[in-house]
Amino acid sequence: MSAPLSRRGFIGHAAAGFSYLTMSRLAQAQPVAEPLPRPLQVEHAVAEPVSIEVNARPIPSFEPRDRSRARFGSLDYRGGLVLTSPYRGFGGLSAIRLDARGERFLAVSDQGGWFTGALRYSGGKLAGLADVEAAPLLGAEGRPITEKRLWYDTESIARDGNLVYVGLERVNQILRYDFAKGGTRARGEVIPVPPGVRKLPYNKGLEALVFVPKGQPLAGTLIAFSERGLDADGNLVAFLIGGPTPGQFSVRRTEKFDISDAVLLPAGDLLILERKFSWFTGVDIRIRAIPLKSIAPGALVDGPVLFKADLGQEIDNMEGIDAHVTPEGETVLTLVSDDNFSMLQRTLLLQFTLVE
């Protein structure tokens, strides 16, 4: 945006947008007297596999008030994009996973849609997207999951090779897809989850998934984080599913931040993307580092804040984070925002280098 005033003015609009979103989603969730029709129930659901156009506008500076500034906490800003598309189902991006080189992406919208494609770079900075395809997430019967009541709030992704796990927040279920069987056309299988997962709050449930690979502590474990499921002490509840030591643990909650996504770095730190919203200041985000070796059943884990930002910077409702390592050995973090399909919000794709 061209002026600081318009940027700050966005806060009020964002609050209105969040209010409208909350009311509309509550309306979607009300019981109905008659079965919902066979066609897709969700307004922006992807109906069928399709190639789409996605336009990208560069964000040259993360700090509009000081365009020369590049360092933000432990991160250096590399570049970013504002993404738009004439395709009605594009938006609501809640999780993203990149390949090892940061060249291909898999994302999921919170209305039951896959998005895949290529990231284009120029001089090491994001320049655009190419070969973007959308497809509906399918259930075990081969139909879009959005045909089931409340089976649309897909908020998280974890990968174990060709196996892709997707968390559904409102029903607090996890689907497993074998991408060796058709990629985004594969059928999802519901996996067993601990009883505590099913008891998470209706709209503050499963929000982040991380799969721990071989060579790391807890190898073979799927770690599931709640957005704002709280234990008796008011800390954030998380679960170890499968692996050598299944169980439940907690992440210390401070400053009223909630979890929106997480990623495991090769060095063994778990980075947690967190977010909070205030009617007075708008959206704040931060990233904390949690040592993976500190996580165990019954543990309360915590770690330092690496990065914080608010609407004075170029952020929106940031919900997804992933990491890759460049050929030069730099660890690059990629963040994506959920625009809630609102005209008042933006789909942002941001990249930073982890420097400390």
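Is Ala-208 buried or exposed? In this predicted model, Ala-208 is buried, with a relative accessible area of 0%. The report starts with the chain as a whole and then returns to this residue.

## Overall make-up

The protein contains two helices and 24 strands. Of its 356 residues, 56% are buried. The accessible surface comes to about 15000 Å², and carbon and sulfur atoms account for 54% of that area.

Contacts that span long stretches of sequence are counted as well. Taking contacts between residues at least 6 apart in sequence, 56% join residues at least 24 apart.

## Confidence

The average pLDDT of the protein is 90, and 88% of the residues score at least 70. Residues 1-40 stay under 50 in pLDDT. For that segment the model has 52 contacts beyond four places in sequence. Where pLDDT is low, the predicted coordinates should not be read in detail.

## Ala-208 and Ser-156

Ala-208 belongs to strand 13, which covers residues 206-211. Its relative accessible area of 0% is under the 20% cut-off, so Ala-208 counts as buried. Beyond its neighbours within four places in sequence, Ala-208 is in contact with Ser-156, Ile-223, Ala-224, Phe-225, Ile-259, Asp-261 and Ala-262. The C-alpha atoms of Ala-208 and Ser-260 are separated by 6.3 Å, although these residues are 52 apart along the chain.

Ser-156, one of the contacts of Ala-208, sits in strand 9 (residues 154-160). Ser-156 is buried, with a relative accessible area of 0%. Leaving out residues up to four places away in sequence, Ser-156 touches Glu-207, Ala-208 and Leu-209, as well as Tyr-165, Val-166 and Gly-167. Ala-95 and Val-108 are also among the residues that Ser-156 touches.

## The cavity

How many cavities of 30 Å³ or more does the structure hold? There is one. The largest cavity encloses about 70 Å³ of space. Its lining is made up of Leu-83, Phe-90, Leu-93, Ile-96, Phe-105, Ala-107, Phe-115, Leu-119, Leu-129, Val-336 and Leu-349. By class, this lining has 11 nonpolar residues, with no polar and no charged residues. At least two lining residues come from each of strand 5 (93-98), strand 6 (104-109) and strand 7 (113-122).

Phe-105, one of the lining residues, lies in strand 6. With a relative accessible area of 9%, under the 20% cut-off, Phe-105 counts as buried. Not counting residues up to four places away in sequence, Phe-105 touches Ile-96, Arg-97 and Leu-98, and also Phe-115, Thr-116, Gly-117, Ala-118 and Leu-119. Leu-129 and Val-132 are further contacts of Phe-105. The C-alpha atoms of Phe-105 and Val-132 are 9.4 Å from each other, with the two residues 27 apart along the chain.

## Ala-135

Ala-135 is placed in strand 8, residues 125-136. This alanine is buried, with a relative accessible area of 2%. Apart from residues up to four places away in sequence, Ala-135 touches Val-46, Glu-48 and Pro-49. Gly-112, Gly-113 and Trp-114 are also touched by Ala-135, as are Thr-184 and Arg-185. Between the C-alpha atoms of Ala-135 and Ala-47 the separation is 7.3 Å, for residues 88 apart along the chain.

## Two residues with positive phi

Most residues other than glycine have a negative phi. Leu-218 has a positive phi of about 70°, although it is not a glycine. Leu-218 is found in the loop between strand 13 and strand 14 (221-230). Its relative accessible area is 12%, and Leu-218 is buried.

Lys-256 also is not a glycine and has a positive phi, of about 65°. Lys-256 is in the loop between strand 16 (247-251) and strand 17 (258-264). Is Lys-256 buried or exposed? Lys-256 has a relative accessible area of 66%, which is over the 50% cut-off, so Lys-256 counts as exposed.

How values were computed: Residues are numbered from 1 along each chain as its sequence is written. This is a predicted model: local features need pLDDT of at least 70, side-chain atom pairs count only at pLDDT 80 or more; totals for chains, interfaces and linings use all residues. Side-chain values use heavy atoms; hydrogens and water are left out. On a 1 Å grid over the protein atoms alone, a cavity is a set of points where a 1.4 Å probe fits but cannot get out, and a pocket is an open set with protein on both sides within 12 Å along at least five of seven lines; lining residues have an atom within 4 Å of a point. Grid points are joined across faces, edges and corners, and a volume is the space filled by probe spheres set on the points. Helices (H or I, at least four residues) and strands (E, at least two) are DSSP runs, numbered from the N terminus. Ala, Val, Leu, Ile, Met, Phe, Trp, Tyr, Cys and Pro count as nonpolar, Asp, Glu, Lys and Arg as charged, and the others, Gly among them, as polar. Buried means under 20% relative accessible area, exposed over 50%, partly exposed in between (1.4 Å probe, protein chains only). Contact means heavy atoms within 4.5 Å. Accessible areas come from the Shrake-Rupley method with a 1.4 Å probe; for residues, only the protein chains shown count as cover. pLDDT is the predictor's confidence in each residue, from 0 to 100.
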